[in-house]
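I opened a fresh page for this one and went through it piece by piece. Here are my notes, in the order I looked things up.

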Amino acid sequence: MTRIGVVVFPGSNCDRDTLHALALAGAEPVELWHEAATLDGVAAIVLPGGFAYGDYLRAGVIARFSPVMRAVAAFAADGGLVLGICNGFQVLAEAGLVPGALLRNRGLRFLGRDVRIAAERLDTPFTHLLGERRPLRMPIAHGEGCYFADPATLDELQRDGRVLFRYVRTDGAPAGETGDPDNPNGSLRAIAGVLNAAGNVAGLMPHPERAAEGVLGSDDGLGILRSLVEAARLREAAAGPAVVGAR
Amino acid sequence: MTVAARAESAARDPVPLHRALGLTDDELAAIVERLGRAPKHLELAMFGVMWSEHCSYKSSKPLLRTLPTAGEAVVAGPGENAGVVSIGDGLAVAFKIESHNHPSAVEPYQGAATGVGGILRDIFTMGARPIAVLDALRFGDPADSRTRHLVDGVVRGVGGYGNCVGVPTVGGELVFDPSYAGNPLVNVMAIGLLEERALTRARAPGPGNFVVLFGSTTGRDGIGGASVLASATFGDDDPSKRPSVQVGDPFAEKLLIEASLELIAGGLVEGLSDIGAGGITCATSEAADRAGTGMRLDLGAIPRREPDMAPFEVMISESQERMLAVVRPDRLAAVAAVCDRWALPWAVIGAVTDDRDLTVVHFERELARVPARALTSDAIVHARLAKAPSRERFAPAPGEPTSATDGLPERGMDPGAVLLALLGSPNLASRAAVFEQYDSTVGVRTVVGPGHGAAVLRVTGTSKALVATTDANAVVGGLDPWLGAALSVAEASRNVSITGARPLGVTDCLNFGDPTRPEAFWQLSEAVRGIGDACRALGLPVTGGNVSLYNESPGGAILPTPEIGVVGLLDDVARLVGPAFVADGDSVVLVGEATPGLAGSEYARLGGTAAEDGPPALDLEREARLQRFVREAVERGLVASAQDVSAGGLAVAIAECSLWGGRGARLRLPISGSPAVELFGESPSRLVLTTRPRHAPALLLLARQHGLPAEELGVTGGRRIAIELVGGAATGAAEERGARVADPLDVELDALRRAWDGGLARALGWPTADGRA
């Protein structure tokens, strides 16, 4: 079974949820302690949500210096698949493993509620099993989730197809940047998730692991986790770079 | 009096030390009697905090003993850190509610945050992983700038702590009433899940075992939290009390949770206590007293946050995020390894003894030696005087007719306009603007989060779910504290029963005024009697709780507020029934009947009229039948949705079902009294159920078998709520039966949603969800 590592920082609080959901997605989930210097041979890594090291200064700013992040950066540089969810996305952004930054929500308050996002691409390791582009319902829970980058970077992300998810309206159209309740945190260009240049590292603010079972109101997030597990399995089988997808 | 003025007057007229510590002359005499000598300085400080109302329950203890606490599933009851009830499969649920009113009035963010932190520690100290928080908040007029400051700070504080520590906030209440203007209420309930064999108690067995303190260091914050803040009324010098408020560190708490549960899972501790009100003094003396042992503490071994702390400061500091473990010497290394792994400071601060004394030494000098039980189980108990106020009124006996002169028009009222106004009012509008500031889904257990009646949490790995709610009817309590308390229990239990779940137990947070004032103590004793009566009628044990007295400010006392938390068990989460109308064309059935009385209702609050009649009566026997009925109906699959009639009355109950379900209803309501009473009265023991039309006859029959009146009102569907008021069976003239007897209620769902959605934000001056200020 494909082993997927979930990094546990002190203050991570979605680690157990992520382990649980990855098991539902068909993986053998493995805890990776923040002080670990090696990754225990896992096929992919998830940085879970929470408040790593308390996040009193700024989300993710201390976690990026933890020993495990050196190993994660090396793993990513080698083409390994890394998914950061919520605080995990913030850590990836602070570590420079994905572009941009997560600022305080435009309303300056923590927000926890269901949102709709849609994948911009269905041919990535994180989305290839989603099947079709449709709104996915899952919760957000963050105070610093407003995606920000300079206009040149935003244009580049757009051009290179590295916008992975956007917040969308009921009809699937992207939400506006300001004054649109469908873009809960005021993210620029309604970006909810991005890819790095190589396409093997992704971050997103909403929580797919909290939307992986019908009893919790939505299983729309399971497709994202299953995509990751399957891509990791294929990559492990091929022992080469992650090349998966429909085309 | 300003701080300077008080200091000046103190210099002129020095207050004896015991009085400065909040002890009366009688209490000093009782201490001398227990010690057989005059107490030393540190001993007096320890008694001062332990004999405070907050720690000793010296006024409420005789009342609390009257509450029913037994139940076959109860594993741990009152006196423990939290109540624990078995849910089968070797699992148990731990739950408790606690107040943090006064700290929140002084410093709302930290007051509320540490309120969450404190109740979470009570839960994981028992070996349970905290899985949910519910917060019951009460404030003054939302238009008032101080209220807005308090609401903002408290909501941020609850969220700031709960969100970070990773425990979802899944429910609670937010109520505005002028009586809370100077003394808001912040009651927090926490729920935890444990394997029964992991149950751990706050005890200190085994002389020779080490006493280990781990977690944060000890500082000067929260000196006198229990005695200065929680056990005195507010004067006009509140800012001077700010140093008594503790400061929360949710990151440290998160580490404490993981470390504590790891210590328990590894069987490494003999006993575990959290350090809360009363600081190290309370945790050590209670643990020793429960085990019939003593403790010898070395003051110098306690890690401090700052130098030059006086011994009494160290012993009573309420610095947050600290735990006390009793550890066998051969297991100390393993305990240390767990603490080190979670980067938590730890220290051996003493040892368990067999002399039953709590002894504090510093550099070989004995600073205190006090029988542990003198501080805790043998603390002083006061017999307070209870006296009903002269303007008191009693609720009518069940079935006894009362005047229905509500002073409100029966015709020309436009019930639709009243409904819109009610749904947009601060107490009934959508709470989303507040609960969306909380993480309600972390933990992947939340089946139903805040805003839709009781919260529902699945028990991962089983088909079961826990159902939880908090309720308090304080306005009726102000008129009749027995009735207010009994209604609170009935409503909380009903909210659990309508999901199909079986209520397991009650935790209560009693928020009342100064117990030395006979009227306030009468309110407390009547309310405890009401809780006891209701719990006995409904077969519910009280498994624990908290008493918060002295909730008074220069503006007066708060309404007597018995906040009731109930946890229930649903055997199969797939059978869960919610309040929302789930399908078009379902039959709407009203179970129960309206009884007279509008006093204490939101309708009366809206009208601004002092209602001339009393509050509606409560028949506890009928309430018990109603709850048995609805559980059976759900079990038999006869119920598509279930909602109880409470604040705002029947019309608001129906409107909520419609708003949550996104579909209206077309109904005919037979009435026999005033339309205001029928539509907006809050008489209890009524349910709005929907059922597939083919199940309606069976549902009506089942209700009759339980001796409950039930009537099919119409069907769900459409974009409006239309309620025709027609003559009911009791209407005098037969020809009026079935005829329209008053103006109908007819209102568009979209209009209701606009009123309901933004009502709270408008009341508090917050931007609404679409960004408009």
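**Ground rules.** I count two strands as paired if DSSP finds at least two bridges between them. Helices (H or I, at least four residues) and strands (E, at least two) are DSSP runs, numbered from the N terminus. This is a predicted model, where local features need pLDDT of at least 70, side-chain atom pairs count only at pLDDT 80 or more, and totals for chains, interfaces and linings use all residues. Residues are numbered from 1 along each chain as its sequence is written, while chains are lettered from A and ligands numbered from 1 in the order in which they are written.

**Entry 1: a sheet in chain B.** I began with an open sheet of six strands in chain B, in the order β1-β2-β3-β6-β4-β5 and with mixed pairing. At its edges I found β1 (74–76) and β5 (169–176) of chain B, each pairing on one side only. From one strand to the next the twist averages 20 degrees; for angles, I use axes that are lines fitted to C-alpha atoms, for helices over the stretch in contact, and values that run from 0 to 180 degrees between N-to-C directions.

Inside this sheet I checked β4 (residues 129–139) and β6 (residues 185–195) of chain B, which pair in the antiparallel sense over nine bridges. There L137(B) stands opposite V186(B) in β6(B). Helix α8 (residues 108–124) of chain B packs on the sheet and touches β3 (91–99), β4 and β6 of chain B, its direction making about 25 degrees with that of β6(B). Contact here is between two residues whose C-beta atoms, placed from the backbone, lie within 7 Å.

**Entry 2: a covered strand.** Is β17(B) mostly covered or mostly open? Nine of the 10 residues of strand β17 (residues 502–511) of chain B are buried, so I noted "mostly covered", where buried means 20 or more other C-beta atoms within 10 Å of a residue's own, exposed 12 or fewer, and partly exposed in between, with C-beta atoms placed from the backbone. β17(B) pairs with β21 (residues 561–570) of chain B in the antiparallel sense over nine bridges, and in β21(B) the bridge partner of N511(B) is T561(B). With β18 (residues 542–548) of chain B, β17(B) runs parallel and shares six bridges; V506(B) has V542(B) as its bridge partner there.

**Entry 3: two crossing helices.** I then looked at α4 (residues 41–50) and α12 (residues 279–291) of chain B, whose axes come within 9 Å and cross at roughly 80 degrees. That makes α4(B) roughly perpendicular to α12(B) (65 to 115 degrees; under 35 is roughly parallel, over 145 roughly antiparallel, the rest oblique). M46(B), V49(B) and M50(B) of α4(B) meet T281(B), C282(B) and S285(B) of α12(B). By class, I get four nonpolar, two polar and no charged residues in this contact. Ala, Val, Leu, Ile, Met, Phe, Trp, Tyr, Cys and Pro count as nonpolar, Asp, Glu, Lys and Arg as charged, and the others, Gly among them, as polar.

**Entry 4: chain A.** I counted five helices and 11 strands in chain A. Buried residues make up 59% of its 247 residues. An open sheet of nine strands has the order β2-β1-β3-β4-β11-β10-β9-β6-β7 in chain A, with mixed pairing. Its edge strands are β2 (28–33) and β7 of chain A, each pairing on one side only, and the twist averages 25 degrees from one strand to the next.

Strands β4 (residues 81–85) and β11 (residues 201–204) of chain A pair in the parallel sense over four bridges, with G84(A) opposite G203(A) in β11(A). Helix α2 (residues 67–77) of chain A lies across β1 (3–8), β2, β3 (44–47), β4 and β11 of chain A, at about 130 degrees to β4(A).

**Entry 5: an enclosed helix.** Why did I mark α3(A) as largely enclosed by the rest of the structure? Eight of the eight residues of α3 (residues 87–94) of chain A are buried, so the label fits. What covers them includes β3, β4, β5 (101–103) and β11 of chain A. After α3(A) comes G96(A), whose phi is positive, near 75 degrees.

**Entry 6: where the chains meet.** How many residues does each chain bring to the contact? Chain A gives 24 residues and chain B gives 25. On the side of chain A that touches chain B, α1 (15–24), β6 (111–119) and β7 (136–142) of chain A each supply at least two residues. That side of chain A divides into 12 nonpolar, seven polar and five charged residues.
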